Amino acid sequence: MPKKLISTPLHTCGLLQQILPPSAIILVGPGLNPLPVDWNQLSAGQVLAIDAHVQIPEWLHNSIPSSRSWIIRNTILAGNQVPAPFYTTNNPKENALIPPDHLHEVWPNLRQTDAQTCQPETLQTLLAEPELQSFTKTPNTWVMIDCLPALDILQGAGNPLPESWNVLWLRLLQNAPKRHAELSLAKAEAELSNSGYRCVGWYEENHPELIQAIFVRNTETLLQQKLEQHATLTRERDQLKKDHELLAR
């Protein structure tokens, strides 16, 4: 298992955003707790927000003014398009396709308040819309899935995942119930390693079993590119220094 992130989520995301600045972000489940990205760095049309709620809440627009220009889709995502119950719980952030009683092993206080049959979509079918196709092609796209079951939703994008998706930010469980191994960090690591992703760290939410895990694809290639860019900048800086010294004589 990768090490827990030592720095704060905001600091970690800030560093990652400097190293691998996103050209676009797909954000699933943003309605109640947007992740710690500097959203102001992204232009209009570069964020696709997908949420089961009717609309993104007004307080989110107030805290992130640029969210008014996000592309919004109100739908329920899953790994397939088979009709299934969508469960409402006593904790609105945990409304999902997973029966709350299946999580009692790690969350005994979570209770079902309602269930309605829904027709879920997959990321693959959603991103086939002409307006959204760029989110499978834009270089260095981040995919942030802030809900359960994150791995199942991600795999609904097809196999293999788009080459442009370099950063994945997934909501997982440290120790998932046996009947839902797909919710665990270990399962996500095993599945995503086949596509070249490596978990670079994670941090706990308020509930210690719930974590946000960050996966980066082709880390060695990306690191090499950054080293080459750094070397180029160093050469340019040294040349400017020499030019300045010559002019000063």
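In this predicted model, leucine 170 stands opposite alanine 213, a residue of strand S9. That pairing belongs to a longer run of contacts between neighbouring strands, for S7 (165-173) and S9 (210-217) pair in the antiparallel sense over seven bridges. S9 has a second partner as well, since S8 (197-204) and S9 also pair in the antiparallel sense, again over seven bridges. Within S9, phenylalanine 215 is the bridge partner of cysteine 199, and the chain passes from S8 to S9 by way of a hairpin of five residues.

How much of S9 is buried? Eight of its eight residues are buried, and the strand is described as mostly covered. In a regular strand the side chains alternate between the two faces of the sheet. For S9 both faces are covered, with Leu210, Gln212, Ile214 and Val216 buried on one side, and Ile211, Ala213, Phe215 and Arg217 buried on the other. Alanine 213, which faces leucine 170, and phenylalanine 215, which faces cysteine 199, thus both appear in the second of these two groups.

Two helices help to show what lies against this strand. In helix H1, which spans residues 9-19, the buried residues are Thr12, Cys13, Leu16 and Gln17. These four lie on the same side of H1, because they cover an arc of only 135° around the axis. An α-helix has 3.6 residues a turn, so residues three or four places apart point the same way. The face of H1 turned away from this buried side carries Leu10 and Gln18, which are exposed. As for what the buried residues of H1 meet, they pack against strand S6 (141-145) and also against S7 and S9.

Helix H5, residues 185-193, has Leu185, Ala188 and Leu192 as its buried residues. Seen down the axis of H5, these residues fall within an arc of 60°, so they line one face of the helix. Their cover includes helix H4 (150-155) together with strands S7, S8 and S9. S7 and S9 are therefore named among the elements that pack against the buried residues of H1, and they are also part of what covers the buried residues of H5.

The strands that flank S9 also hold a pair of aromatic rings. A search of the whole structure finds one aromatic pair, formed by tryptophan 169 and tyrosine 203 in an edge-to-face arrangement, with 6.3 Å from centre to centre and 75° between the planes. The pair links distant parts of the chain, since tryptophan 169 belongs to strand S7 and tyrosine 203 to strand S8, 34 residues apart. Tryptophan 169 counts as buried because its relative accessibility is 0%, and tyrosine 203 counts as buried because its value is 10%.

Cysteines deserve a separate look. How many disulfides does the structure hold? There are zero disulfides. Cysteine 199, the bridge partner of phenylalanine 215, has a relative accessibility of 7% and so counts as buried, while cysteine 118, at 13%, counts as buried too.

Stepping back to the whole protein chain, there are six helices and nine strands. Of its 249 residues, 46% count as buried, and its accessible surface comes to about 13,100 Å², of which 53% belongs to carbon and sulfur atoms. Among contacts with a separation of 6 or more, 66% are accounted for by residues 24 or more positions apart.

Key. Residues are numbered from 1 along each chain as its sequence is written. This is a predicted model: local features need pLDDT of at least 70, side-chain atom pairs count only at pLDDT 80 or more; totals for chains, interfaces and linings use all residues. Side-chain values use heavy atoms; hydrogens and water are left out. Buried means under 20% relative accessible area, exposed over 50%, partly exposed in between (1.4 Å probe, protein chains only). Contact means heavy atoms within 4.5 Å. Accessible areas come from the Shrake-Rupley method with a 1.4 Å probe; for residues, only the protein chains shown count as cover. The arc is that of the directions from the helix axis to the C-beta atoms. A disulfide is a pair of cysteine sulfur atoms within 2.5 Å. Two strands pair if DSSP finds at least two bridges between them. Rings of Phe, Tyr and Trp (its six-membered ring) pair if their centres lie within 6.5 Å; planes under 30 degrees apart count as stacked, over 60 as edge-to-face and the rest as tilted.
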